[in-house]
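This report describes selected features of a single protein chain for a reader who has the sequence and coordinates at hand. The sequence and structure are shown here.

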Amino acid sequence: MAAQSLSTVDAAPTASTVEAAGVTSPRRNRGGSRAERFAPLVLLAPAILIIAGLRLWPLVLGINFSFTGDGDRDGMMVGFDNYLTLLGDPLFRTALRNVGLLVVLLPVAVAIPGLLATFIYLKVPGHRVYRGVYFFPAVLSPVIVGAIFNLLLAFDGPLNAVLAGVGIGPVDWLGDPDVAIFAVVGVHVWATFGMALVVFLAGFATLDASLLDAAKVDGASFAQTVRHVIVPGLSRTIQFVFVTTMIGMLTSMFGLLYVMTSGGPEGSTYLPEYYVWIQQGQMNQPALASAASTALFLIMLVVGLAQIGILRRTGKED
C-alpha cells in the first residue's frame, strides 16, 4: 500500500514538468497577456506626450487666442470678430485665391516628378546622373534658391536676355501681379520636386515588372503604358505625393515669398502663411494672426480628410 502511494506521488505532475510541457497556469497567462497588451502603449507614450505637449496643446491655445482681441481689446473675448476681419481683408482674400490657384496647379507639380521618375525607372541614357541632378535642388535652402532666381528672373536678367535673343519681349517675372505668383510657384516646384521623385522611385520598386514586359510585348506605346500600367500600379503613391505636395505648397513657401517678392507686387503673391507672419511680426496683431493660422489649419484639415476618403475608396475597390 505504501509503495503504491509513493508511485502515485512520483507520477503526479510537478510545476517544472508542466512548464517543460509548454503548459502555463491561467494566472501566468493573464499576467503575460496584460503585459503584452500594455507594452505598445508604454512604447508609444513618449511620442504621444511630445505630440500632445508640442503640437496639440499649442494648437488649442492658438484657436482659443483667435477669439480674443488685439490692441485695446487685448485679452478680451471678441467672438468671431477676427474671422470677420479676415474675410473683409483684401490681402487675405488674395491669399485664399492663391490657395485655389495652387490646387489647380497641383497636378502639374505632381506630374513633373512622376514623369521624370518614370524615365529614370525605364533607364533612359544617363539615368544615374539624372537621379542625383534632380534631387540636388531639394538640399538647397529656400533663401539661396530665392536669391538665385531673383538674379535669373530680373527684368534685365539672363532669362529675359535669352527671350530677347529669340524675338520675345522681356517679361517682368517678379513685378507683374499677373505673373509673379506663377513665377514663385514654378521656382518652388523646381526646388522641391526631388523629394517627390524619390517617393515615386520607391513606388516603382513595388511595381510588377512583368506588367511592363507584357505591355512592351503587346506593342503598347509609352503613353499607353503610363496610362494603363504605371498609373494604376502607383495609385497609392500618386495619392501620397498629391497630399504631401499640397501641404508643402501651403506651408513651405514662406522663404521664397520673403526673398523673391515680399508678398508683392500689390499683394498678389500672398499665401496664408505669409499673411500670418505679416500680422504677427509687422502689424503686431497676434490674435488676428492666430485666426489666420486657424484658417490655414482648417484648409489643411480639409485636404487631409479628402485624401483619407480617396485612400479608403481605393482600398475598397482593391
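Which residues of helix H14 (residues 272-282) are buried? They are Pro272, Glu273, Tyr274, Tyr275, Val276, Ile278 and Gln279. The model under discussion is a predicted one.

## Helix H14 and the loop before it

The loop between helix H13 (254-260) and H14 contains Pro265. The peptide bond that joins Gly264 to Pro265 is cis, with omega at about -5°. Ser262 is found in the loop between H13 and H14 as well. The phi angle of Ser262 is positive, near 55°, in a residue other than glycine. Ser262 counts as partly exposed because its relative accessibility is 44%, the partly exposed class lying between the limits of 20% and 50%.

Just after H14, a positive phi of about 55° is found at Asn284. Within H14 itself, the buried residues include the charged residue Glu273 and the aromatic residues Tyr274 and Tyr275.

## The loop between H3 and H4

Asp70 is placed in the loop between helix H3 (26-65) and helix H4 (81-88). Asp70 is buried and yet takes part in no salt bridge. The nearest side chain of opposite charge is that of Arg73, at 7.7 Å. A salt bridge requires a side-chain nitrogen of Lys or Arg within 4 Å of a carboxyl oxygen of Asp or Glu, so the distance of 7.7 Å from Asp70 to Arg73 does not qualify. What the side chain of Asp70 does reach is the backbone nitrogen of Ala287, at 2.9 Å. A polar atom of the Asp70 side chain also lies 3.2 Å from the backbone nitrogen of Leu288.

Thr68 lies in the loop between H3 and H4 too. Thr68 counts as buried because its relative accessibility is 5%. A polar atom of the Thr68 side chain lies 2.6 Å from the backbone oxygen of Phe65.

## The salt bridge

How many salt bridges does the structure hold? The structure holds one. Side chains of opposite charge can pair when their charged atoms come close. Here the partners are Arg73 and Asp81, whose closest N and O atoms are 3.3 Å apart. Arg73 is partly exposed, with a relative accessible area of 39%. Asp81 is also partly exposed, with a relative accessible area of 30%.

## The largest pocket

The volume of the largest pocket is about 460 Å³. Its lining is made up of 25 residues, and the closest of these to the pocket centre are His188, Thr192, Phe193, Met195 and Gly248. Four elements each give two or more residues to the lining: helix H5 (90-121), helix H7 (142-152), helix H9 (180-204) and helix H12 (235-251).

By residue class, the lining holds 18 nonpolar residues, seven polar residues and no charged ones.

## Pairs of residues distant in sequence

Val145 lies in helix H7 and is buried, with a relative accessible area of 1%. Val145 and Trp190 are 45 residues apart in sequence, and their C-alpha atoms are 9.6 Å apart in space. Leu201, in helix H9, is likewise buried, with a relative accessible area of 17%. The C-alpha atoms of Leu201 and Thr237 are separated by 9.7 Å, although the two residues are 36 apart along the chain.

Val60 is found in helix H3. Val60 counts as partly exposed, at 46% relative accessibility. Val60 and Thr294 are 234 residues apart in sequence, yet the distance between their C-alpha atoms is 9.8 Å.

## Lys123

Lys123 is placed in the loop between H5 and helix H6 (127-135). Although Lys123 is not a glycine, its phi is positive, at about 60°. Is Lys123 buried or exposed? Lys123 is exposed, because its relative accessible area is 61% and the exposed class begins over 50%.

How values were computed: Residues numbered from 1 in each chain as written. Predicted model: local features only at pLDDT ≥ 70, side-chain atom pairs only at ≥ 80, totals over all residues. Heavy atoms only, no water. 1 Å grid on protein atoms, 1.4 Å probe; cavity = no way out; pocket = protein on both sides within 12 Å on 5 of 7 lines; lining within 4 Å. Points joined across faces, edges and corners; volume = space filled by probe spheres on them. Buried < 20%, exposed > 50% of the residue type's maximum accessible area, 1.4 Å probe, protein only. Lys, Arg positive; Asp, Glu negative; His and termini not counted. Polar contact = N/O pair within 3.5 Å; in protein donor to acceptor, adjacent residues only side chain to side chain.
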